[in-house]
Amino acid sequence: MISLLLASALSYHRLDSTVTLVRGGMVGDLPIWDVEDTTIDGGSPNANHGGDAVLGAGSAKKILIRFGDIARVVGPKRRVRSATLLFTPTGGTRPALQSISVVKSAWGEGPYQTLAALVPSPPKIGSDGKPVKEEAPSAPHDSATWRERRAGLATWQQAGANGPNDTSAIAGAKISGTDEQVRIEGLAEAVQAMADRPYENFGFAVSFDNPTEVGSSQVFGVRPALQLELEEAPLAHGADLSIVSIQRLGANGKLPSSGDTAKYVATVRNVGDSDANGFSI
């Protein structure tokens with residue numbers, strides 16, 4: 001079984017020139033599931049919206065979205081000619097793009113539902129017999145909010161992912177579309193970098209000028225998508241080492257729990273046309 005899994009991880013599928021990544025979709029015979037998205041909201045800075053059916057943007061709201069399978073889809077022998085992010089509007093006004101940026105640090109989508117949301121506790125009553133106003137519950141552990149990129153673990157450099165270490169704007173991106181679909185184009189260079197360095201693929205942050213809502217990856221039929229046009233990459237001359245995958249292991253080959261010692265195993269392939277004499281990392 002292990003050898004079959006390794007063979008699958010190290011093989012690349014023959015692709016058409018245009019492919020679309022969407023949660024629950026397929027690229028050739030490769031299933032696409034590693035898609036995360038959420039809204040971070042300055043109006044509710046401690047709330048996580050990773051399980052919401054819609055993504056909100058505009059005013060003090062921003063969309064975070066990441067497609068984790070980019071490197072596997074592109075592979076070492078192709079490159080990205082063009083990349084377009086697609087959204088389906090579900091409410092508000094037609095989006096006007098304020099900015100789209102590359103996210104530079106890891107963040108967490110968060111769970112679909114928490115136990116506190118499913119089974120809310122009864123209100124507390126004060127000595128005067130009136131309900132006591134309680135603080136909003138903390139965001140689920142490791143989830144993104146306006147203040148934290150991974151709740152309980154790491155904050156943004158600047159709230160709302162607005163610090164220079166949080167995001168980097170993509171120059172030249174343009175928005176177009178209709179009431180049925182919004183297209184953000186001009187992302188090829190950023191997506192190629194995500195394919196080249198999958199360990200630094202933390203997705204995009206999208207801001208709109210006007211209040212709007214688009215479908216999230218939780219709802220079939222309105223899920224965001226990343227459309228890529230691919231072309232053959234120039235042949236590499238000499239040794240050309242490519243990181244195929246990075247795997248995190250705990251004790252006895254199991255996934256580590258919080259606080260465990262973890263081991264990282266990187267699979268490296270020489271995609272050049274001559275032998276490699278070794279490397280350091």
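# Briefing on a predicted 281-residue model

Residues 24 or more positions apart in sequence account for 74% of the contacts in the protein with a separation of 6 or more. The structure is a predicted model, and the protein in it holds four helices and 19 strands. Of its 281 residues, 36% count as buried, while the accessible surface of the protein comes to about 16000 Å², of which 51% belongs to carbon and sulfur atoms. The points below take up two sheets, one helix and four loop residues.

**The five-stranded sheet**

- Five strands form an open sheet in the order β1-β17-β7-β14-β13, and the pairing in this sheet is antiparallel.
- The edges are taken by β1 (18–21) and β13 (174–177), and because each of these has a single partner strand, one side of each is left without a neighbour in the sheet.
- From one strand of this sheet to the next, the twist averages 25°.
- Within the sheet, β7 and β17 are joined by eight bridges in the antiparallel sense, and Val80 stands opposite Leu230, a residue of β17.

**Helix α4 and its packing**

- Helix α4 lies across β7 and β17, and its direction makes an angle of about 115° with that of β7.
- The helix spans residues 188–196, and its buried residues are Ala188, Ala190, Val191, Gln192, Met194 and Ala195.
- These buried residues of α4 pack against several elements, namely helix α2 (70–74) and the strands β7 (78–87), β9 (97–103), β15 (204–208) and β17 (225–232).
- The strands β7 and β17 therefore appear twice in this account, since they pair with each other in the antiparallel sense and also carry α4 across them, where pairing in general means that strands of a sheet are joined through backbone hydrogen bonds, either parallel or antiparallel.

**The three-stranded sheet**

- A second open sheet has three strands in the order β5-β16-β8, again with antiparallel pairing.
- Its edge strands are β5 and β8 (89–92), each of which pairs on one side only.
- The twist in this sheet averages 25° from one strand to the next.
- Strand β5 is joined to β16 (residues 212–215) by four bridges, with the two strands running antiparallel, and the bridge partner of Gly56 in β16 is Glu213.

**Asn48, a buried loop residue**

- Asn48 sits in the loop between β4 (35–41) and β5 (54–57), and Asn48 counts as buried because its relative accessible area is 17%, which is under the 20% limit.
- The side chain of Asn48 reaches two backbone atoms: the nitrogen of Gly50 at 3.2 Å, and the oxygen of Glu109, which lies 3.0 Å from a polar atom of that side chain.
- Leaving aside neighbours within four places in sequence, Asn48 is in contact with Thr38, with Gly108, Glu109, Gly110 and Pro111, and with Ala139, Pro140, Ser143, Ala144 and Thr145.
- Glu109 thus figures both among these contacts and as the residue whose backbone oxygen lies 3.0 Å from the Asn48 side chain.

**Two residues with positive phi**

- Ser59 has a positive phi of about 60° although it is not a glycine, and its place is in the loop between β5 and β6 (61–67).
- Ser59 is exposed because its relative accessible area of 73% is over the 50% limit.
- Ala161, which is not a glycine either, has a positive phi of about 55°, and Ala161 lies in the loop between β11 and β12.
- Ala161 counts as buried because its relative accessibility is 0%, which is under 20%.

**Pro164, an exposed loop residue**

- Pro164 is placed in the loop between β11 (154–155) and β12 (167–169), the loop that also holds Ala161.
- With a relative accessibility of 54%, Pro164 counts as exposed because this value is over 50%, whereas Ala161 counts as buried at 0%.
- Not counting residues up to four places away in sequence, Pro164 touches Lys104 and Gln157.
- The contact with Lys104 joins residues that are 60 positions apart in sequence, and the C-alpha atoms of Pro164 and Lys104 are 8.8 Å apart in space.

Methods. Residues numbered from 1 in each chain as written. Predicted model: local features only at pLDDT ≥ 70, side-chain atom pairs only at ≥ 80, totals over all residues. Heavy atoms only, no water. Buried < 20%, exposed > 50% of the residue type's maximum accessible area, 1.4 Å probe, protein only. Contact = heavy atoms within 4.5 Å. Polar contact = N/O pair within 3.5 Å; in protein donor to acceptor, adjacent residues only side chain to side chain. Pairing = 2+ DSSP bridges. Axes fitted to C-alpha atoms, helices over the stretch in contact; angles between N-to-C directions. Areas by Shrake-Rupley, 256 points an atom, 1.4 Å probe, with all protein chains shown as cover.
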